[in-house]
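Reader: I've got a model up on my screen and I'd like a close look at one part of it, the nonpolar core. Could you walk me through that?

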Amino acid sequence: MVALGQQIVSTGAFGGVCVVGGTSLAAPHVTAVASVLWQKDRSVSADFIRSLLAFTANQYGEDYEYGNGLVDLEFALSQFDAFREVYAVDADVLNEQVGAAVEVGTLDVNEKPVEEFEGVVYVEGSWWKDADNKDKVHDQFAEADSAIGKLSGTDLAIVKLGALAPDKYFSGMYRNSEWHGQELHREDIITYKSNYVYAYIYITEIAKNLKKDSSGKYLYNNFTSAISVNCADYGDCNLKEKCVARMKAEILEKFTDKGMVVETDGKPTGEKDWYTLLGNRTASVRNVSLYIYGLALHSVTDVFAHSTYLDGVQIDHEKIEISKDNTQSAADCVLYVPSRFACASLMSKYVVYRILNDDIGNVLDFYLVASSQKYDGNFKIGKLGKYIKAIDQSFYDARKNILDAMSQN
């Protein structure tokens, strides 16, 4: 038997909704249908309910693929009383009596067309892209659990849209390193070490301090940054101490007075206004701020995909075989060194904590992941210790052992 299990709108974290799939959604559908049927007559046996479910299911495909068919509560309720009249524990007797009842018309066979639902607005995602290279990225991180408060359904939806945006509007992880957790920025002949820790914190600063002037222009840089960052002092960094200013400029250049830049093949090709980016929602400062927090969530969780190492070798986008006829990019695959994804999920919880408290990101967020049970030591992150040291020397010195244990320097 099968049940609805893909693109299911369900209760999400923080009082919102989520769109998820799998047997974790299909099984509750069957259980719920069985519960409603049993409530109709609690004296019937479990075998009766099981047999009724099997008989009334919609057999819209081959049985070797769909078993008895798609569970159908409405049809099962309509056949409940008539099925009870012919029910027998012995399977052979039951089949014979059901066949006779169908022949005389006291029982009906489920031949209804399977219902399809359109116009359901949602975003869905996972860490990798599928075989057709369709964007499926990051929004599930926004469903991270939290014990301190709730985002409304609308707020959560906006954060998700922001989390999806970098892959959708400015992909290219080297050209747009600050948005994709990449430790190296490479663009034509310009190459520099890209401090993903700073990028994450600075994007959240923009979100927290966002303002709008009387003309409706958004002010993304109208604040004094609470953090200072030094060059990580790499001899092969082309920009040397200028890399920090360049990172900041790379982040700010994606924003326009009314929205964000859209790129194609690494080149700006236009812009989208905030109303459109927000899914046709009001472009209030609050909504735009939530969207930018989503951008930060994408950036920091991508660190665990794009700047990680296994046995001293960077995990790149080489294709690996997951199963027959299914290959995925190693860097973006949740099954390849799975503790990377576990750590990214934990990091997303700290981002949500920042959102709920209208706060900026912190080097502490990385430390909490590095010192957690989610990190099993099976991978390392490029330059993590040195990037944190460039932002907060004293913080790094006090936690050097743990941070260096996670660092590939």
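Before you zoom in, what percentage of the contacts in the protein chain with a separation of 6 or more comes from residues 24 or more positions apart?

Author: That figure is 64%, for residues 24 or more positions apart, where contact means heavy atoms within 4.5 Å. A quick caveat: this is a predicted model, where local features need pLDDT of at least 70 and side-chain atom pairs need 80 or more, while totals for chains, interfaces and linings use all residues. Numbering runs from 1 along each chain as its sequence is written, and side-chain values use heavy atoms, with hydrogens and water left out.

Of the 409 residues in the protein chain, 47% are buried (under 20% relative accessible area, using a 1.4 Å probe and protein chains only). Now the core itself: the largest nonpolar one has 74 residues, and W274 and I292 have the most contacts inside it. (Such a core is a set of buried Ala, Val, Leu, Ile, Met, Phe, Trp, Tyr and Cys residues joined through side-chain atoms within 4.5 Å.) Helix α10, residues 285–306, supplies the largest share, eleven residues; a helix here is a DSSP run of H or I with at least four residues, numbered from the N terminus. Beyond four places in sequence, W274 touches, among others, Y218, F255, M260, V288 and I292. Apart from this core sits another of 21 residues, including V44, F48, L52 and V86.

For a polar detail, try D155 in helix α6, residues 153–169. D155 is buried at 13% relative accessible area, and its side chain makes a 3.0 Å polar contact with that of R286 (a pair of N or O atoms within 3.5 Å; within protein, one must be able to donate a hydrogen and the other to accept it, and residues adjacent in sequence count only if both atoms are side-chain atoms). Not counting residues up to four places away, D155 touches R286 and L290.

Notes
Buried < 20%, exposed > 50% of the residue type's maximum accessible area, 1.4 Å probe, protein only. Helix = DSSP H or I, 4+ residues; strand = E, 2+ residues; numbered from the N terminus.
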